[in-house]
Amino acid sequence: MKHSNKRDILLRSVWLSVLCVTVLWVIQSAGVLFHLPLNTLGIVPLSLAGLHGIITAPLVHSSYEHLFHNTLPLIILGSALYYGYPATRGKALAFAWLGSGIGVWLFGRPSVHLGASGVAHGLFFYLFVIAILRRDNRSTGLMMIAFFLYGGMMMSIFPRDPQISYEAHFFGAAGGVIAALLFGKQDPKPLRKRYYWESQDEEDPVIGDQWQSTGPEEPPKPRERAGGAE
């Protein structure tokens with residue numbers, strides 16, 4: 001039953017992540033087909049007209065290629081978050097989303113910033129930091145998968161390509177780290193598997209309690225005979 005429940009939760013996690021990313025593809029396709037000005041939903045730093053982009057910017061992308069590069073990270077990292085942290089996944093997502101948006105609006109370069117890569121970086125850094133804090137098998141396993149696939153996010157929070165909003169990456173990562181520090185202990189740790197020999201308290205049938213003796217036993221001393229010599 002336990003294995004069945006875990007598998008069901010994992011499948012639900014993957015399908016939910018796929019559904020969310022599908023919504024992004026629908027939005028992008030609608031923008032291309034109907035020539036919608038999706039750029040108006042991006043973040044314009046320090047502009048009241050672009051303030052709404054804090055909420056809407058992760059929903060739109062500059063091109064199909066841009067969205068394609070974010071698709072697998074969002075599915076994999078989102079699935080790991082949903083599966084591993086049921087009590088804090090909403091808070092982690094909110095901190096990654098809002099942290100990226102607010103940071104870009106306050107400190108971003110004068111341009112239109114859009115895309116969900118900041119959210120993806122927030123999820124990655126949440127999984128990374130919370131695994132260090134918790135150090136249980138599930139958290140460590142999820143972190144190793146995330147790091148093996150997307151460890152390059154450790155470097156993409158720094159400026160490299162002027163066409164890429166590293167500010168969104170950096171502040172999304174900061175939001176993930178803050179969420180891990182604030183809420184890292186709220187999810188219950190999985191029960192550690194105990195092997196049958198760990199719960200055995202019976203004495204060894206051969207050795208018994210002889211291992212507790214401090215040294216070899218002394219031979220018995222000969223008894224003195226009562227009375228005088230014959």
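**Exercise 1.** Does L106 count as buried, partly exposed or exposed?

*Solution.* The structure is a predicted model. Step one is to locate the residue: L106 is found in helix α4. Step two is to take its relative accessibility, which is 39%. Step three is to apply the cut-offs: buried means under 20% and exposed means over 50%, with partly exposed in between. L106 therefore counts as partly exposed at 39%.

**Exercise 2.** Identify the nonpolar surface patch to which L106 belongs, and the helix that gives the most to this patch.

*Solution.* The patch on the surface is formed by L46, I55, L98, I102, L106 and F107. Together these residues have about 590 Å² of accessible area. Helix α4, residues 89–107, gives the most to the patch, with four residues.

**Exercise 3.** Classify the ring pairs F124–F125 and F170–F171, and state how far their residues are covered.

*Solution.* The count of aromatic pairs comes to nine. For F124 and F125, the centres are 5.4 Å apart and the angle between the planes is 85 degrees; the pair is edge-to-face. For F170 and F171, the centres lie 5.2 Å apart with the planes at 90 degrees, so this pair is edge-to-face. Turning to accessibility, both F124 and F125 are buried. F170 is partly exposed, at 36% relative accessible area, whereas F171 is buried, at 19%. Finally, F124 and F125 belong to one aromatic cluster with F128 and F147.

**Exercise 4.** Name the charged residues that sit over the rings of Y82 and F183.

*Solution.* R89 lies over the face of Y82, 3.7 Å from the ring centre. Over the ring of F183 sits the charged end of K91, 4.8 Å from the centre.

Technical notes:
Residues are numbered from 1 along each chain as its sequence is written. This is a predicted model: local features need pLDDT of at least 70, side-chain atom pairs count only at pLDDT 80 or more; totals for chains, interfaces and linings use all residues. Side-chain values use heavy atoms; hydrogens and water are left out. Rings of Phe, Tyr and Trp (its six-membered ring) pair if their centres lie within 6.5 Å; planes under 30 degrees apart count as stacked, over 60 as edge-to-face and the rest as tilted. Buried means under 20% relative accessible area, exposed over 50%, partly exposed in between (1.4 Å probe, protein chains only). A charge sits over a ring if NZ of Lys or CZ of Arg is within 6 Å of the ring centre and within 35 degrees of the ring normal. Patches are made of residues with over 30% relative accessible area and no salt bridge: like charges are joined within 9 Å, nonpolar side chains (Val, Leu, Ile, Met, Phe, Trp, Tyr) within 5 Å. Accessible areas come from the Shrake-Rupley method with a 1.4 Å probe; for residues, only the protein chains shown count as cover. A salt bridge is a side-chain nitrogen of Lys or Arg within 4 Å of a carboxyl oxygen of Asp or Glu. Helices (H or I, at least four residues) and strands (E, at least two) are DSSP runs, numbered from the N terminus.
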